[in-house]
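Here is a short tour of one protein chain. It starts with the overall fold, moves to the pockets, and ends with a few single residues.

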Amino acid sequence: LYLSPDNRAGMNQSFGPVYNAISGDFYFISRGQVHPPDMYRPYHLQPEPRAALGLDEAGRTLFLVAVDGRQPNYSEGLTVIELGEILREYGVYTAFNLDGGGSVTLVVEGADGRPMVLNSPIHGRVPGLERPVANHLGVRAARIASLHR
């Protein structure tokens with residue numbers, strides 16, 4: 001995923017010099033179609049916590065996706081195909097898989113200005129415990145009033 005200084009996003013397509021970029025390990029939606037099961041490793045066909053990035057067909061809406069998992073009676077996770085079908089319902093035209101598993105954590109700025117975790121990560125089989133990792137994707141966006149009511 002390439003991001004330009006003027007906030008344009010492109011998958012395998014930059015808009016001039018690269019300003020920011022992030023990679024994943026494979027596409028699971030291309031041209032609006034979810035790739036068939038024979039494209040994946042067995043791990044991808046098991047329910048797991050997942051993280052993904054997607055774009056709509058116009059390339060104007062970026063989807064940041066976090067899926068919880070490994071938490072019986074809360075969330076078992078999703079297969080890549082299940083995730084692809086859900087994202088297609090939201091209009092995702094192209095999507096790729098990021099490193100998932102227990103490090104999947106989605107955070108926003110809370111009303112008090114402090115970080116607020118939106119999902120339930122899992123580390124060491126402890127639901128809600130964040131895994132200490134050294135990388136992340138940060139996005140600065142305009143505040144949405146409905147998140148702070």
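## Fold and order of elements

Read along the sequence, the pattern is β-β-β-β-β-β-β-α-β-β-β-β-β. That comes to one helix and 12 strands. The chain's radius of gyration is 16 Å, close to the 15 Å that the globule rule gives for 149 residues, so the chain is as compact as a globular protein of that length. This is a predicted model.

The C-alpha trace spans about 45 × 45 × 30 Å along its principal axes. Many contacts link distant parts of the sequence. Take contacts between residues at least 6 apart in sequence: 57% of them join residues at least 24 apart.

## Surface and interior

How much of the chain is buried? Buried residues make up 35% of the 149 residues. On the outside, the chain exposes about 9900 Å². Carbon and sulfur atoms supply 50% of that area.

## The largest pocket

Rolling a probe the size of a water molecule over the atoms shows where empty space is left. The largest pocket holds about 1400 Å³ of space. Its lining counts 34 residues. Closest to the centre of this pocket are L64, L106, V107, L137 and V139.

Three strands each give two or more residues to this lining: β6 (50-56), β7 (62-67) and β9 (107-109). By class, the lining of the largest pocket has 21 nonpolar residues, seven polar and six charged.

## The second largest pocket

The second largest pocket has about 720 Å³ of space. It is lined by 29 residues. L3, N7, R8, A9 and L62 lie nearest its centre.

Which elements supply at least two residues of this lining? They are β2 (9-10), β3 (20-21), β6 and β8 (92-98). Strand β6 thus appears here, and also in the list for the largest pocket. The class count for the second largest pocket is 14 nonpolar, 10 polar and five charged residues.

## A51, a buried residue in β6

A51 lies in strand β6. Is A51 buried or exposed? Its relative accessibility is 12%, and buried means under 20%, so A51 counts as buried.

Leave aside residues up to four places away in sequence, and A51 touches V65, F96, N97, L98, D99, G100 and V104. T61 gives another view of the surroundings. A51 and T61 are 10 residues apart in sequence, and their C-alpha atoms are 17 Å apart in space.

## Two loop residues with positive phi

N12 lies in the loop between β2 and β3. N12 is not a glycine, yet it has a positive phi of about 60 degrees. The relative accessibility of N12 is 62%, and exposed means over 50%, so N12 counts as exposed.

Where is R125? R125 sits in the loop between β11 (122-123) and β12 (126-127). R125 also has a positive phi, near 65 degrees, in a residue other than glycine. With a relative accessible area of 79%, R125 is exposed.

## In brief

The chain has one helix and 12 strands. Its largest pocket offers about 1400 Å³, and the second largest about 720 Å³. A51 in β6 is buried, whereas the loop residues N12 and R125 are exposed.

Terms used. Residues are numbered from 1 along each chain as its sequence is written. This is a predicted model: local features need pLDDT of at least 70, side-chain atom pairs count only at pLDDT 80 or more; totals for chains, interfaces and linings use all residues. Side-chain values use heavy atoms; hydrogens and water are left out. On a 1 Å grid over the protein atoms alone, a cavity is a set of points where a 1.4 Å probe fits but cannot get out, and a pocket is an open set with protein on both sides within 12 Å along at least five of seven lines; lining residues have an atom within 4 Å of a point. Grid points are joined across faces, edges and corners, and a volume is the space filled by probe spheres set on the points. Helices (H or I, at least four residues) and strands (E, at least two) are DSSP runs, numbered from the N terminus. Ala, Val, Leu, Ile, Met, Phe, Trp, Tyr, Cys and Pro count as nonpolar, Asp, Glu, Lys and Arg as charged, and the others, Gly among them, as polar. The radius of gyration is taken over C-alpha atoms; the globule rule is 2.2 Å times the number of residues to the power 0.38. Buried means under 20% relative accessible area, exposed over 50%, partly exposed in between (1.4 Å probe, protein chains only). Contact means heavy atoms within 4.5 Å. Accessible areas come from the Shrake-Rupley method with a 1.4 Å probe; for residues, only the protein chains shown count as cover.
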